[in-house]
Amino acid sequence: MIATGQTLKAVEEVQGRSLWVDARRRLLRNRAAMAGIVILALIAALALLAPLLSPFAYNEVNYDIIACAPNWWPVEAACRAPGHLFGTDSVGRDLFVRVLFGARVSLAVGLVATAVSLLIGVLYGATAGYLGGRVDALMMRVVDILYSLPFVFFVIILMVLFDRNFILLFVAIGAVEWLTMARIVRGQTLSIKQKEFIEAARAGGVSPFAIITRHVIPNVVGPVMVYVTLTVPGVILTESFLSFLGLGIQEPLTSWGVLISDGADQMETAPWMLLFPAVFMAVTLFCFNYVGDGLRDALDPKDR
Amino acid sequence: MMVYALRRILGAIPTLFVIVTLAFFMMRAAPGGPFDSERRLPPEVERNVKAAYDLDKPLVQQYGIYLGKLAHGDLGPSYKNKDFTVTQLIATGLPVSMRLGLCAMTLALLLGTFLGVMAALRQNRWQDYSVMGVAMLGITIPTFVTAPLLTLVFGIYGVTLFGHEFSLPVGGWNGGALANMVLPVTVLALPQIAVVSRLMRGSMVEVLRANYIRTARAKGLPVTRIVVRHALRAAVLPLVSYLGPALAAILTGSLIVEQIFGLPGIGRYFIQGALNRDYTLVMGVVICYAALVILLNLLADIVYGILDPKVRLA
């Protein structure tokens, strides 16, 4: 009896490092990725707590301090606005709180649109890969066709025609970004469906839909996660691009794209209006890219 | 090869058809029309205007008429730019956009490849880290930030070089003068230089580990010869398949660049047309862009087939 107990204990000690534990360890050791995660968390926290952090409202106009520099601005400026950490914009609104509210919108667009693309892409890709044969060929041909379209143009048409609808913006960008996701998922599914546990499920009489959602999709999570972290910055860029053209978020709401576009107009007289939103956005995109790279290295160790 | 190209071109027709259909019905589904204005036209005038452009007919019939004209290469009259057909407008804008895009693409490919190869050869040393850091910056800083910044530095403040000061024009096309091209092309190329150099570094690092490279080294070939003759040919393949997406990105970027620098390309017509609900103009530009992208994808595939002996086009 005692001997058996000891053997059991020994077995327990040997096993216990799953793929995920390994991946997490590698990720934790990647300094660039960890720094990225911390900074992103900070920016998200700032965005969420924005109303508590500033005495000014994001739409509070003050015509006495139009385009004023913050007090600490080192270069000489036409006027200064004490108490405004990042200075004020061209109608005297506090730039700090506007940058944070812009972060809310930009991050929300990034996350929601990515979620839309995730939903469509994963279901589509997994279905194509699992069913295989003619269906697969046809479905992937459709993706190929859509791939060759300059899709941003369709988003622009949509935004113009439907009066810059906020929700539509999210969905439209998401609907553009799912193609790559579908390709990745299909590729993974093709290799997974050869595995024994899928065969076992099929032998057990599980329906194809249940096999796809319960057995295939959970196993493609790794590569999908990597791609998600790389999609979010892409979406944020697309949104800011549309906002820059005047087709995105409308006043008094704001996003980084809108702020940057305003700032670019005033660059010579009020450079802080360009600097702060641009830095926030660049840092965010930087972090997402490093986290994505880090995740890929962590989940796919063959590349080192 | 010819058969393959022909088949691909024929295969592009359904794609274009999908695009035309999608764009057509999307534009018509939206509220508002090209002849809505602040001041309402008298009803009989409005009726006549609509009749002149076939806008009074049922939607499906309008679609049929449009397709019929399109099959003859007629993109119709522009609703807003009176006295111009869409074909004429595109004919004036396209050369500008093409020239801009091609210059940017060439610059991005040459400089990006060079930087990527440099980084790969000095892997994990400061040259590598600095190139990759700058590339990451190039990817994350959007075009509409770099454009005003470069304008400010090189256009408005001016730069002192070799003892005398010069500044670049910050807008306008001026018949495509070199000085007018410098800033827009640079802005357009920067993000692509970044992407290309990252791609090149990645594939180069992989190729340099291959056995045949070790063999070449062991034979005592000089490094430049190994890189140029042996490694580059294999490493350049992922770049070729990136050409299509690169073109799409440059087209998208040119919307912004043409807007900022006030260049008379088709990107500006597209934005204008969309804002004015100039249906035919928007459709024309979209079709033109789509045809360009499809054509370049085909070219990329053919080049891929030539470079990679493992791929047989048939």
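Reader: Before we turn to this predicted model, how does one decide whether a residue is buried or exposed?

Author: One counts the other C-beta atoms within 10 Å of the residue's own: 20 or more make it buried, 12 or fewer make it exposed, and anything in between is partly exposed. B:Asn124 has 9 such atoms within 10 Å, so B:Asn124 is exposed. A:Met34 has 15 C-beta neighbours inside 10 Å and therefore counts as partly exposed.

Reader: Where is B:Asn124 placed in chain B, and what is its phi?

Author: The general idea comes first. Most residues other than glycine have a negative phi. B:Asn124 is not glycine, yet its phi is positive, near 60 degrees. The residue sits in the loop between α4 (86-121) and α5 of chain B. A positive phi, about 80 degrees, is also found at B:Gly73, just after α3(B).

Reader: How does one check the length of a helix such as α3 (residues 59-71) of chain B?

Author: One compares the expected span with the distance between the end C-alpha atoms. At 1.5 Å a residue, the 13 residues of helix α3 of chain B should span 18 Å, and because the end C-alpha atoms are 18 Å apart, the two values agree.

Reader: How many helices and strands does each chain have?

Author: Chain A has 13 helices and zero strands. Chain B has twelve helices and two strands. Along chain B from the N terminus, the order is α-α-α-α-α-α-β-β-α-α-α-α-α-α. The C-alpha atoms of chain B fill a box of roughly 85 × 60 × 30 Å along the principal axes.

Reader: What share of each chain is buried, and what share of the contacts joins residues at least 24 apart?

Author: In chain A, 44% of the 304 residues are buried; in chain B, 35% of the 314 residues are. Among contacts with a separation of 6 or more, residues 24 or more positions apart account for 70% in chain A. The corresponding share in chain B is 72%. One pair of residues illustrates how sequence and space can differ. A:Met34, in helix α3 of chain A, lies 253 residues from A:Cys287 along the chain, while their C-alpha atoms are separated by 9.2 Å.

Reader: Which residues touch the most other members of the largest nonpolar core?

Author: The general idea is that, in soluble globular proteins, nonpolar side chains tend to be buried together. Here the largest nonpolar core has 162 residues, and those touching the most other members are A:Ile157, A:Ile260, B:Val282 and B:Val285. Helix α5 (residues 95-131) of chain A gives the most to this core, with 18 residues. Apart from its neighbours within four places in sequence, B:Val285 is in contact with B:Ile90, B:Ile266, B:Tyr269, B:Phe270 and B:Gly273.

Reader: How many residues does each chain give to the contact between chains A and B?

Author: Chain B gives 35 residues and chain A gives 27. On the side of chain B, the elements that supply two or more residues include α1 (2-29), α10 (237-261) and α12 (279-307). That side divides into 29 nonpolar residues, six polar and no charged.

Reader: Finally, which helix of chain A has the lowest mean pLDDT, and which the highest?

Author: The pLDDT expresses the predictor's confidence in each residue. Helix α1 (residues 2-14) of chain A has the lowest mean, 55, and helix α3 (residues 31-48) of chain A the highest, 89. Chain A averages 80, and 89% of its residues score at least 70.

How values were computed
Residues are numbered from 1 along each chain as its sequence is written. Chains are lettered from A and ligands numbered from 1 in the order in which they are written. pLDDT is the predictor's confidence in each residue, from 0 to 100. Helices (H or I, at least four residues) and strands (E, at least two) are DSSP runs, numbered from the N terminus. Two residues are in contact if their C-beta atoms, placed from the backbone, lie within 7 Å. Ala, Val, Leu, Ile, Met, Phe, Trp, Tyr, Cys and Pro count as nonpolar, Asp, Glu, Lys and Arg as charged, and the others, Gly among them, as polar. The expected span of a helix is 1.5 Å times one less than its number of residues. A nonpolar core is a set of buried Ala, Val, Leu, Ile, Met, Phe, Trp, Tyr and Cys residues joined through C-beta atoms within 7 Å.
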